[in-house]
Structure formats: structure tokens, C-alpha cells
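The exercises below go through one structure, each with a worked solution. Try each task on the sequence and the 3D view before reading on.

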Amino acid sequence: MLERLFKLQAHGTTVRKEIIAGVTTFLTMAYIIVVNPAILSTTGMDFGAVFVATCLAATIGTLIMGLWANYPIAMAPGMGLNAFFSFTVVGSMGYSWQVALGAVFISGVIFFLLSLFRIREWIINSIPLSLRFGISAGIGFFLALIALKNAGVVIDNPATLVGLGDIKVAESLLFFGGFVVICGLSFRQITGAVMIGILAVTAIAMMLGMVDYDGFVSAPPSLAPTFMQLDLAGAFNVGMISVIFAFLFVDLFDTSGTLIGAAQRGGLLDKDGRLPRLGRALMSDSVATMSGAALGTSTTTSYIESTAGISAGGRTGLTAVVVAVLFLACLLLSPIAKIIPAYATAPALLYVAVLMASGLKLVNWDDITDAAPAVLTALMMPLTFSIANGIAIGFITYAVLKAVSGRWSDLNSSVITIAVVFILKFTFLDAA
């Protein structure tokens, strides 16, 4: 049956290799079951319900990817987008988390339609590389600011906007220690480095009496507080257009980049360098996003950590199925997620931020018309506390700078259209 479903022999793999690969991928991304509820619960969402939604969204999305698209790609609520959901859409813009879930669902529907009608390639190929790199780095800087804030390292200062907190307190020291442990283990290519770092900080905090022990295993919490609580009517508010676009845009490029990168690592591209069944893979992602929103979590997307399992020999959807089963089993571990403090998950955020910021090295620094929009995009995300604002200002800057420089050949209709839409938004919607 497994051979018929996944074509193991044709992909040069075995059941044993696929199981090992699935366990490897799971260990590298298991931190999301702790980090995602910690972030989304800041909006007032029930922590236990979000924990269950996170596990189920990862299970459903990864199963679809494995069984339908037959790729060793795992899925879960995306880092960066969960922070945007919580701290910008709900925290800064003042929308309810129900409306934010509605926006996530709508972005998933649009993503599905783009994949169904094969418009996605045109969009992906139309967006300048410099903006893509700037967006990735900006999300990383956004996560870094949140991590440093959660650890008490960066605090608000009326005179300078931000300032240095008391880094001598135990919470800050544990944060820095956890970050060093994660980076050190990652450098040594230790599987599950991020999760090990989170658990190590939590264990030390427990020994110091800073965390109350509440058991390790229990029945899953109720999903009722978040299940089908999305507010679609509220999400159709005109002011939510940029939010929906941000969810869609980041998910589109995250997924496409992850799929291509993972496929290259595993030798899964065809002789023309294309990814077979790309449509199925992208539609799997969009269905996972819609399902996740209905369950009660932010955008579900493909995880680059899947390359760890691919490096361990995973070549088919059986690897993804193993990951899905392990996420489902995590439903019994909610007490562990609840006792992990913010300063224990903050090192994971900062580590992910470092990885995402590395995209800036690919920017063409010899061309100021490419470099300036990329840098401005990256800077505006943390400084305005909004991924959407960073994307908007990046597109506007790119279009205007290329036009002023006489580089009209670098512009295309999609970039110009998006830039004009954002200019109109800032001019009329934000002013109102």
C-alpha cells in the first residue's frame, strides 16, 4: 500500500528512511507548538485552544501535502505571520482576533484561486528579487524586536523610543543563554536545536522556582474558544485590504521559496528544473491556511525546516505523514506548552530572525535602485511594527526610484499597480 501511495522505489527510498526523515523534520520544527500559542494568546485568544489549533493545523496541512502532493514537506502556522497577526493587526491596528482570523481565511481562499487558475507564477516572477529579500529580512527584524521585547532586553523609552532593559535579571540572562545554546547546537548540526534550547531554559527556570510545574501530559484542551470564531464580515472592511494582501503575499513567497529550495536539496526537480505537482503543493498550502483559520490559528505555511528531513533521506509524502502523526500526538502535551515562559521562547524567535535576515546578502548592493528599497522594506517592518507597512513602502520606493532613475525596463505592470494601490491607501484610507 505504501509503495502504491508514495512510489518509494521510484524515488530511491525506503520506509525506514522516510520514518527517520519524518522524525528529523518534526524535531526541527516542534518548537512551533510552544511558540505559536504563546504569541497568539497575547491577543486574548485562549492558550489551550490555540495549542490544539496549532497541532491540528500542522497535522491537516502536512497530511494533505504528503498524501495528495506526495512531497516530504511539513506545514505549520508560519513564524512572522503569527507575530504580524498578534502585534500589528490586533495589537496596533485594534482589530479583534476574530476579524484577523477572517482575514487569514480570505487570504487562503485567494491563494487557492491563484493556484487553481495558475496565476501564481506570473505574480512570483513579477516581483523584484530585491524586494523579496528585503521582505524576508524585514520579517526577521520584526521577530527579533519581539524577541528582545519579550525578554525585557529592549524596553520603551520616552526620550529615544527604545532603550536597553535590565540585562542583569535572571530572565534576560536565561534568554541570552538560550540563544547561545540554540546557535551552538545548530552550528554543530544537532537535530532539534531550537526545541532543546527552549526546554533547557524552561528546566533551569523551574529549578530556580521561576516556573510552576503543572505536569507534562493531559487530555487536549477544548478547541471551542477558537473553533469557527472567524469574523468574515469584519475582515471585508476596506482597511483590511493591506492586511489580507500581507498575509497572502508573505505566504505565497514563503511557500514557493520553501518548495523550490527543498526540492533542489532532495533532487525532486524535473529535467527542466521545474517542480512536478507544484499546483497540488500550493493548493495544499492554501487549504491548510483556510483550515487553520477555521480552527483558530494564523496562516499555515510550508516550513523550510523540512530540508532537515530531506537531508536525512526523505523523498516522498510518507515523510510528511510521519510528521503529521507526531504533531497529532503532541495534543497530549499541552501542560508543557503552558509552563514555558516568554523568555524561553524568545531565543527561538531571535534564532529564526537571524536565519531570515540572511537574505540581505543576496541583494545587489552595487545598484542603489535595488539596495535602497530592500533596506527600507526591511527597516520599516520592525520600526512601524507592521509587515504590511514594510511591504507597501518597499513597493512604492522601488517603483518611484526606478522611474526617477530612468530604469523603466526594470518595472512591470504588476509592480506599478501594487505601488499605486499602496499610494492610494496611504493617501485616502489611512488619512480617513
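## Exercise 1: Cysteines

The structure, a predicted model, holds zero disulfides.

**Task.** Explain why Cys55 and Cys330 are not bonded to each other.

**Solution.**
- Start with the bond itself: a disulfide joins the sulfur atoms of two cysteines covalently.
- Next, take the cut-off, which asks for two cysteine sulfur atoms within 2.5 Å.
- The closest cysteine sulfur to that of Cys55 belongs to Cys330 and lies 5.4 Å away, so the pair is too far apart for a bond.
- Seen from the other side, Cys330 is in no disulfide either, and its nearest cysteine sulfur is that of Cys55.
- Finally, check the surroundings: Cys55 is buried, with a relative accessible area of 0%, and Cys330 is buried at 4%.

## Exercise 2: The chain as a whole

**Task.** Describe the fold in terms of its helices and strands, and decide why the chain can be called as compact as a globular protein of its length.

**Solution.**
- Count the elements: there are 20 helices and four strands.
- Compare two radii: the radius of gyration is 21 Å, and the globule rule gives 22 Å for 432 residues. The two values are close, so the chain is as compact as a globular protein of that length.
- Look at the extent: along the principal axes, the C-alpha atoms fill a box of roughly 60 × 60 × 45 Å.
- Turn to burial: 54% of the 432 residues count as buried.
- Consider contacts with a separation of 6 or more: 81% of them link residues 24 or more positions apart.
- Examine the surface: the accessible area is about 17,800 Å², and carbon and sulfur atoms make up 67% of this area.
- Add the charges: 21 side chains are positive and 21 are negative, with the centres of the two sets 11 Å apart.

## Exercise 3: Positive phi

**Task.** Locate Gln189 and Met228, and state what their phi angles are.

**Solution.**
- Gln189 sits in the loop between helix H9 (170-187) and helix H10 (193-207).
- Its phi is near 60 degrees, a positive value in a residue other than glycine.
- The relative accessible area of Gln189 is 71%; exposed means over 50%, so Gln189 is exposed.
- Met228 belongs to the loop between H10 and helix H11 (232-235).
- Met228 is not a glycine, yet its phi is positive, at about 55 degrees.

## Exercise 4: Thr88 and Pro128

**Task.** Is Thr88 buried or exposed, and which residues does Thr88 contact beyond its neighbours within four places in sequence? Do the same for Pro128.

**Solution.**
- Thr88 is placed in helix H5 (residues 81-92).
- A residue is buried when its relative accessible area is under 20%; Thr88, at 2%, is therefore buried.
- With those neighbours left aside, Thr88 is in contact with Ala83, Met93, Phe142, Phe385 and Ser386.
- Pro128 is found in the loop between helix H7 (120-126) and helix H8 (129-150).
- At 10% relative accessibility, Pro128 also counts as buried.
- Leaving out its neighbours within four places, Pro128 is in contact with Tyr398 and Val415.
- Pro128 and Leu411 are 283 residues apart along the chain, and their C-alpha atoms are separated by 8.7 Å.

Conventions. Residues are numbered from 1 along each chain as its sequence is written. This is a predicted model: local features need pLDDT of at least 70, side-chain atom pairs count only at pLDDT 80 or more; totals for chains, interfaces and linings use all residues. Side-chain values use heavy atoms; hydrogens and water are left out. Helices (H or I, at least four residues) and strands (E, at least two) are DSSP runs, numbered from the N terminus. The radius of gyration is taken over C-alpha atoms; the globule rule is 2.2 Å times the number of residues to the power 0.38. Buried means under 20% relative accessible area, exposed over 50%, partly exposed in between (1.4 Å probe, protein chains only). Contact means heavy atoms within 4.5 Å. Accessible areas come from the Shrake-Rupley method with a 1.4 Å probe; for residues, only the protein chains shown count as cover. Lys and Arg count as positive and Asp and Glu as negative; His and the chain ends are not counted. The place of a charge is taken as NZ of Lys, CZ of Arg, CG of Asp or CD of Glu.
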